[in-house]
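Colleague: I would like a close look at a single part of this model, taken slowly enough for a first-year student to follow. Could you then set that part beside the rest of the structure?

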Amino acid sequence: MSCKLNAIHACQSDKTIFMTTRGDLGRHRRWRPGRQKGYQMKLRKSSVLTAVLLLAATATALADGDAAVGRKKAETCLGCHAVPGYFNVYPSYHVPKLGGQSGKYIEAALKQYRDGGREHGTMHANASGLSDQDMADIGAYIESYRK
Amino acid sequence: MNKKFLSVVIGALGLAASTCFVSAEEAAAPAAGGLSFDDKLKACGACHGEKGDKPLAPDYPTLAGQHADYIVVALQHYRDGRRTHPIMNMQVKALGLTDEDMAKMGQYFSAQGGLEVLNTK
């Protein structure tokens, strides 16, 4: 819960919402030039709606990851991804290097393994046991390898 | 009239297919005639960085330093629909990547410094 709150907070201080509401202002100005009061009401409603939608989308999609927590949750990952030269079998190829990937890429990949966008039995099984927050934490841990 | 319409449709498809390309027509049009390997490599670089070390979007992977054989498997899976990404599935087909192209791409990106194996510390 605290992480969700953090995400909302971060989002509110972000310039994106400000820019978006200003974008709305521009559009309404062009469309309804002579109706001050109605225009302001409309603008306000649509700005609030935009802000709420953005907040909701951001809070659910981009949970903040905690690298230290992620390190603990990544124990299973390390069993394969921390072994230099480790091979996937049938077919045989190197298990991918992850150190230096972005947290967002790791999150996206884990979600795909879980939801079926990527085929891999073991990864599907592992990702299926993770919550979105777990994925964000693991992503943050892996991103900490970046120099 | 028909020809004109067709060329517009083809143009629109080409543009849509190459959101990532530096030059859309260059990359999409000669696919039938055959792109050089360097052209194909440039298409990768447009989104992943020339050396695969500067992904354009936060959820795009770094390729620099990745195992060559893993890159090949990823490309094969995109080609076969076993891994899905709206741009990648389209690119592999639009560029007409051959097995040889995939192998060379794997070698090129794995030779760049970048990714590392995780450690247990």
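**A helix and what surrounds it**

Modeller: Just after helix α6 of chain A, the residue A:Gly116 takes a positive phi of about 105°, and this is a convenient place from which to look back along the helix itself. Please keep in mind throughout that this is a predicted model. Helix α6 of chain A runs over residues 103-115, which makes 13 residues, and from its first C-alpha to its last it reaches 18 Å, close to the 18 Å expected at 1.5 Å a residue.

Which residues of α6(A) are buried? They are A:Gly103, A:Tyr105, A:Ile106, A:Glu107, A:Ala108, A:Ala109, A:Leu110 and A:Tyr113, a list that includes the charged residue A:Glu107. When you look for a pattern in such a list, it helps to recall that an α-helix has 3.6 residues a turn, so residues three or four places apart point the same way. As for their partners, the buried residues of α6(A) pack against two helices of chain A, namely α7 (121-128) and α8 (132-143).

Elsewhere in chain A, the loop between β1 (87-88) and β2 (93-94) holds A:Pro91, and the peptide bond leading from A:Tyr90 to A:Pro91 is cis, with omega near -5°. A:Tyr90, which is found in that loop as well, has a positive phi of about 50° although it is not a glycine. Is A:Tyr90 buried or exposed? It counts as exposed because it has 5 C-beta neighbours inside 10 Å, and the cut-off for that class is 12 or fewer.

Turning to the partner chain, chain B has 6 helices and 0 strands, and of its 121 residues 33% are buried. Among the contacts in chain B between residues at least 6 apart in sequence, 60% join residues at least 24 apart. Where the two chains meet, the contact takes 22 residues from chain B and 20 residues from chain A; on the side of chain B that touches chain A, these residues divide into 8 nonpolar, 9 polar and 5 charged.

Finally, a word on confidence, for which the model scores ipTM 0.74 and pTM 0.67. The mean pLDDT of chain B is 83, with 73% of its residues reaching 70 or more, yet over residues 11-29 of chain B the pLDDT is below 50, and this stretch has 23 contacts in the model beyond near neighbours in sequence. Where pLDDT is low, the predicted coordinates should not be read in detail.

Methods
Residues are numbered from 1 along each chain as its sequence is written. Chains are lettered from A and ligands numbered from 1 in the order in which they are written. This is a predicted model: local features need pLDDT of at least 70, side-chain atom pairs count only at pLDDT 80 or more; totals for chains, interfaces and linings use all residues. pLDDT is the predictor's confidence in each residue, from 0 to 100. Two residues are in contact if their C-beta atoms, placed from the backbone, lie within 7 Å. Helices (H or I, at least four residues) and strands (E, at least two) are DSSP runs, numbered from the N terminus. The expected span of a helix is 1.5 Å times one less than its number of residues. A residue is buried if 20 or more other C-beta atoms lie within 10 Å of its own, exposed if 12 or fewer, and partly exposed in between; C-beta atoms are placed from the backbone.
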